[in-house]
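Please open the structure in a viewer and keep a selection tool at hand. The stops below proceed one selection at a time.

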Amino acid sequence: MDDRFYKKETLIKVFGFLAVAMLVASLWMILDDFGREWKGYQREFTVLKKKKLDKAVEDAKAAIDAGSLKKAQEELVSAEGVIKGHQKDVDDADKAIDELKTKEKIATGKYQDAKAIWDVQKYHYEADYGHNVAEGHGDHLGKKAEKALTRLEDNWKKVLEVRNQASVLQMELIDAQKKRAGLIAARTDAEKHLKLVRTELDKQELARDAEKFTLTKLIRSSPIIDLASPVFRLQQIVLPGIRDDFYFASVQRVDRCTTCHLAIDTPGFEGEANPFKTHPKLDLMLGSRSPHPLDTIGCTACHEGRGQATHFVRSAHTPQNEDQKRVWEKKYGWREMHHVMEKMIPLQYTEGKCRTCHKQTEYVPRAQKLDRGVQMVKSAGCYGCHRIEGWDHVRKPAPSLKRVKGKLTREWILKWIRSPKSFNNHARMPAAFHQANITTDEYKAYNDAEIVALGDYLMELSEDYAPNHPLALGSVEKGKELVASIGCLGCHQIDDFGQTRGRFGQAPDLSMVGSKVSRDWLTSWLKDPRHYWAATVMPSLRLTDPEISDIAAYLMSKRNSEFEGTAAPATTEETQRKVLRLYVQRDPKFAPATDEKVDKYIGTLDAHNLSLELGKNSVMRYGCFGCHEIKGLEKTPGIGVELTEEGTKPVNKLDFGLLHFEHTNFAWFDKKLENTRIFDSGQVKEYLDLLRMPNYEFDEPERGSLITFLLGQTAQKILPPAAKVLNAREAKMEEGLRVVHKYNCQGCHIVEGMFESLADEAPAREEHEKLKRLLEGRILVHYEEDDSLGPPPLVTEGRRVHPDWVYPFLQDPGRTPLRTKLKVRMPSFQMPNEEYNQIVSYWAHYSGDAEYPYRQPKAVELSPTEMEAAKTLFTKLQCLNCHTVNRNPTPEEMEGGSKGLAPDFIHASKRLRKEWVVALLQDPNKMIPGTRMPGFWPDGQSPVPDVLGGDSKRQIEAVAKYVLWLGQGHN
Amino acid sequence: MHIVELITGTINSLCQPSLLFTAAVIVFFLVLFKWRSKFAEVRTIIWIEVLMAAFIAVSMLHPTFRDIVTKPDNVPIVGMLFLIAFFTWLAVSKMVKNDDRIAAGQDVENKKEAKELVFTWPDLVFSEFLCSIAVWVGLVVWSILLKAPLEEPANPVETPNPSKAPWYFLGLQEMLVYYDPWLAGVVFPGLIIVGLILVPYIDINPKGNGYFTFNERKFSITSFLFGFLILWILLIVYGTFLRGPNWNFFGPYEVWDIHKLEVLKNVNLSEYIYREFRLLGGKMPENVLVREFFGFVAVIGYFVGGIWLLQNKLLKEFYEKLGKARFYILAFLVLSMASLPIKMFLRWTINLKYIVAIPEAFFNI
């Protein structure tokens, strides 16, 4: 032992110590695995689920009617008694069945054996000779083959024989069983009745028993053993259309969120705390019958986050706000996962992700926040400077400046550019000058120099324009009334009527317009907007000259005296030279820019040309042409960065400047949108290096919508079935809806299929409806007392009208006064032909069941009986209380009554489809929600039983026909 | 607060590559040649380890330091520092003991192990078995406590900043700061491997075989430890703890600011000669070989002169003992190794970029 190098005792001690350490480490490893977070949740959920299931059983028990239960039980008892009376017969029958069963089994076995042997023989025969027969040499097979065939046929007879024996026994068995059933029929019936009473209870009990945590389950879920067939296991969904891009490979995405979110698609857990809560919008999301079932969409398609992780922190949950962050830090030890690219999107912006799959539509139904974002992008004109795929051909968001000289004065332009909000707090145009990063007096002077230069440049470029319809001003009061009633407020807002749509609507706020334009320009514009600007979407309201005078008088009275009182920005030639010098020094045409060269060039410019040259440079720097049409710059691309994939731009590509705050893209967007120049703060920069994005001063909800929009602009490529691909019908609808949006039809009408409502019980309903009101039918705010005085809703329009009638109507609505009492006017839009067609086509496709494209309205004929019945019904139901036939109602009739609210029947034949009229008469509220038209045949009950035998169907048919008949010009 | 800032600021600036590297080289030679017996005392290593631990513990109060040191990637390197210190001490202390014994005419400490054979079983196999258990326990506990530091999937167009090699290659990556990639990434690593392979053929000194000694193998131990501790471990420490975004230097208490800028105005030798000294009136010759003539002269001169110096002055006995072939290989390897710190010092002092700069042919030294 001494010749050993190491001491044995020491080695054994070390071994002993290490053995213990190994045991401890092993146990620790097992416990660490056993105690994984998600297993804890699944254990907890088992208890929760048991409670729910127990309660369901209790509820089912309580729901059973005690009387019928007792009756059924008694019936069973008495049946048992009856059967006891002839128990011996039953026993005999049982015995007979047993015997027959044994016999039948033997016989069937025999048949199966025989058949198996025969099949083998058949195979050999076919293998040996079948090919020859198939190839037509069946005549020369020889003796051996004949013999084999004969044997095969003989054997088949034997097989049939054995089969028959088995069948006979089977028949006997069935008879015996029938006999026995007859003996115990009373009990069977009683049991059936009892079961019927207990249906729900049995179902619930079954469900509960299936989930019972048995001893086997306990053993299966204990440490180590749980590696074999665990009760608590990872749940995962492989998503067919969504792929993760790992740069060198793209793989199907796998979501394991349901490992902890165990009841996310199960109703009944709405009130539980996370992670056991049911999804709050099960009708829309995840439900098996919703448009986004769990197994196609999963979780991360909308929420992002690391779908494969099964740990609260590592799956990259993102808190909604600071409060939640603090709670999470305490509860889950939450911290940011720096290296995870696809962090969860905070809940308030999730809607943005709809866009990732819904790429083909402009708006996404029910994604109100996103839609508001889309509308903001459109109205604020983000796409003017920033390219966004899919927005390339949208018209420029701001008015053309090609004839601006004829509309505005230089002084007004300068003051407006300096601060649009100082003119009108609801101005859409952002402020490019005198922002937070212009801190020194020198730079402020430079800003003024550029403003003046811009004004000079725009005036210089502008064509001359002479108003063609000057009129004297009329009555302010009458004008105000007209503006309130004829429909201006569908697109515009004016402070007198409440600024209900904020800054970002379809058209400018007119509260200060009197300080902006001249009288002559205004009257000409009101007469025909296209005279000044051919591409405007402002329609003509077919105003008469007195109306124009009155409206102009009212609008010209809307002034901003404070703005008028301030002086326009002024500058000196010297300052302008200084600023131009900065531009020229960077101009590649002058590179390398020596002082001498630059000074010489600037020295050649006189004061006017200096200002123009500076203006030209400023327009290029601030990108005015992104939103406005400016001569010579119509096709110049915008100056901003592309936003197509902004939502997935890596955060380190965003310049946080010297500011310290949360490093997330949404926090950055929020800061940027709040103050576009904020990231300059603290930095030392040359004048031309300063940030130049103009400042919109978006408020918090506006920023929220825009961030939602931006987060939806991703580089992700989603494939069907996860991605929404429009079918032919939906594509047609989308085409039409884009026209609807362009002309802001939804400003006045409720348009079906646009921004759908949430169900009444949906938790987010209130917020949802608030946003919806920002998007649709907003003129109705002014008709709160009686919205039937406002523009009619465009619901079921495709089933309702004939295209041949709509087309001319849209072209000149003035020719066909439908509802004479309405003061609000359907404008004449002067759209291109194609767009009229797209609207009509959209209606037809939305309604789906309308025959399309065109169907000639057939002349209707009424039989004398029908005619008589219809006339009676017309009188009895007092149709003409509201409707008229080929005449305008008198003012007295309109006063107080409903006449003039309902369409004149003279249009009925050309306008309406008969099927729709029938459907309307059956249930007016279904076809036009909120209509004043009463339903005369509720639930198919006729109010006039003595006409046409009280058959409501025939009555409706007669009335519908009669209405159309009236429309054919009869009286 | 001011004092804390003063201290952290001082440490930050002391950690500058030029300062810390120079200090490390000086300390290295002092310890080996002057303070060896003091270093070999038990209390020295206890002090060193305690001070290191205390330094790290106190520095943990600083958020930046804490973030870097506790990053799961970097934890093993922190552990490595303690181990390196301990094993260096262990070797040196045994050397000192043996050297004393040899000087006193006694046997070396573990003569038996050094001279006689021991059994495979149980001496080797059993102790290996124990080691494997210890490693197993260590790995299991480590993997429970520190989750694997996985990052996002590698994106070829979006590399992380700083992009760092695995920790054991950070020394190589640090060399890239001073040398062209083909040298720092190909030639030097190749020379390291070749040099290590050649050690048994070049080193024919039978002394120190199986026991620790310094006096009997001064040159071998010094050159190996210099290469290992200074040119490998210290550079790993740099790469791990002190190199931040854009491979800029950051003090241990300095926030890794991606915007940090350093003046990078490095000048090639030829530019020095033609621009600064106005040779040929400041005009660079067209022909690259002419242009880089001085660079080639410098490089060849370094090796020729260096070998002459080693052969005739510094390592005269070696030349006699080893014979020509062995000696020239040794001299080449030693000079190559020395070229790294020399180039580093040239960079720090005169911003020298390349001695020979022929970017036209991707050939830079």
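Select helix α27 of chain A, residues 700-712. In this predicted model, the buried residues of α27(A) are A:E702, A:R703, A:S705, A:L706, A:I707, A:T708, A:F709, A:L710, A:L711 and A:G712. Because 10 of its 13 residues are buried, α27(A) is largely enclosed by the rest of the structure. To see part of the cover, add α12 (354-357), α13 (368-380) and α26 (665-674) of chain A, which are among the elements lying over those buried residues. From its first C-alpha to its last, α27(A) reaches 18 Å, close to the 18 Å expected at 1.5 Å a residue.

For a contrast in burial, turn to helix α4 of chain B, residues 42-59. How many of the 18 residues of α4(B) are buried? The count is zero, and α4(B) is hardly covered. The end C-alpha atoms of this helix are 26 Å apart, in agreement with the 26 Å that 18 residues should span at 1.5 Å a residue.

Remain in chain B and select B:L333, in helix α16 (residues 324-350). Is B:L333 buried or exposed? B:L333 counts as buried because it has 20 C-beta neighbours inside 10 Å, and 20 is the number at which a residue is classed as buried. Next, show B:L191 and B:G195, with which B:L333 is in contact once neighbours within four places in sequence are left aside. A distance label between the C-alpha atoms of B:L333 and B:V194 should read 9.4 Å, although 139 residues separate the two along the chain.

Return to chain A and pick A:I97, which lies in helix α4 (residues 87-134) of that chain. With 16 other C-beta atoms within 10 Å, A:I97 is partly exposed. Beyond residues up to four places away in sequence, A:I97 touches A:L173, A:A176, A:Q177 and A:R180. Select A:K179 as well: the C-alpha atoms of A:I97 and A:K179 are 10.0 Å apart, and the two residues are 82 apart in sequence.

The next stop is a hairpin in chain A. Strand β1 (residues 237-245) and strand β2 (residues 250-255) of chain A pair in the antiparallel sense over six bridges. To locate one bridge, select A:I237 together with its partner in β2(A), A:D255. Four residues lie between the strands, and in this hairpin A:Y247 takes a positive phi near 70 degrees.

Now zoom out to the whole of chain A, which contains 38 helices and four strands. Colour chain A by its assigned domains: domain 1 (74-197), domain 2 (229-341), domain 3 (404-626), domain 4 (728-847) and domain 5 (864-967). The C-alpha centres of domain 2 and domain 5 of chain A lie 55 Å apart. Along the principal axes, the C-alpha atoms of chain A fill a box of roughly 125 × 120 × 80 Å. The radius of gyration of chain A is 41 Å, whereas a compact globule of 971 residues would have one near 30 Å. Of those 971 residues, 32% count as buried. Among the contacts in chain A with a separation of 6 or more, 71% join residues 24 or more positions apart.

Finally, display the boundary between the chains, where 19 residues of chain A are in contact with 20 residues of chain B. On the side of chain A that touches chain B, 16 residues are nonpolar, one is polar and two are charged.

How values were computed
Residues are numbered from 1 along each chain as its sequence is written. Chains are lettered from A and ligands numbered from 1 in the order in which they are written. This is a predicted model: local features need pLDDT of at least 70, side-chain atom pairs count only at pLDDT 80 or more; totals for chains, interfaces and linings use all residues. Helices (H or I, at least four residues) and strands (E, at least two) are DSSP runs, numbered from the N terminus. The radius of gyration is taken over C-alpha atoms; the globule rule is 2.2 Å times the number of residues to the power 0.38. A residue is buried if 20 or more other C-beta atoms lie within 10 Å of its own, exposed if 12 or fewer, and partly exposed in between; C-beta atoms are placed from the backbone. Two residues are in contact if their C-beta atoms, placed from the backbone, lie within 7 Å. Ala, Val, Leu, Ile, Met, Phe, Trp, Tyr, Cys and Pro count as nonpolar, Asp, Glu, Lys and Arg as charged, and the others, Gly among them, as polar. Domain bounds come from an automatic or database domain assignment. The expected span of a helix is 1.5 Å times one less than its number of residues. Two strands pair if DSSP finds at least two bridges between them.
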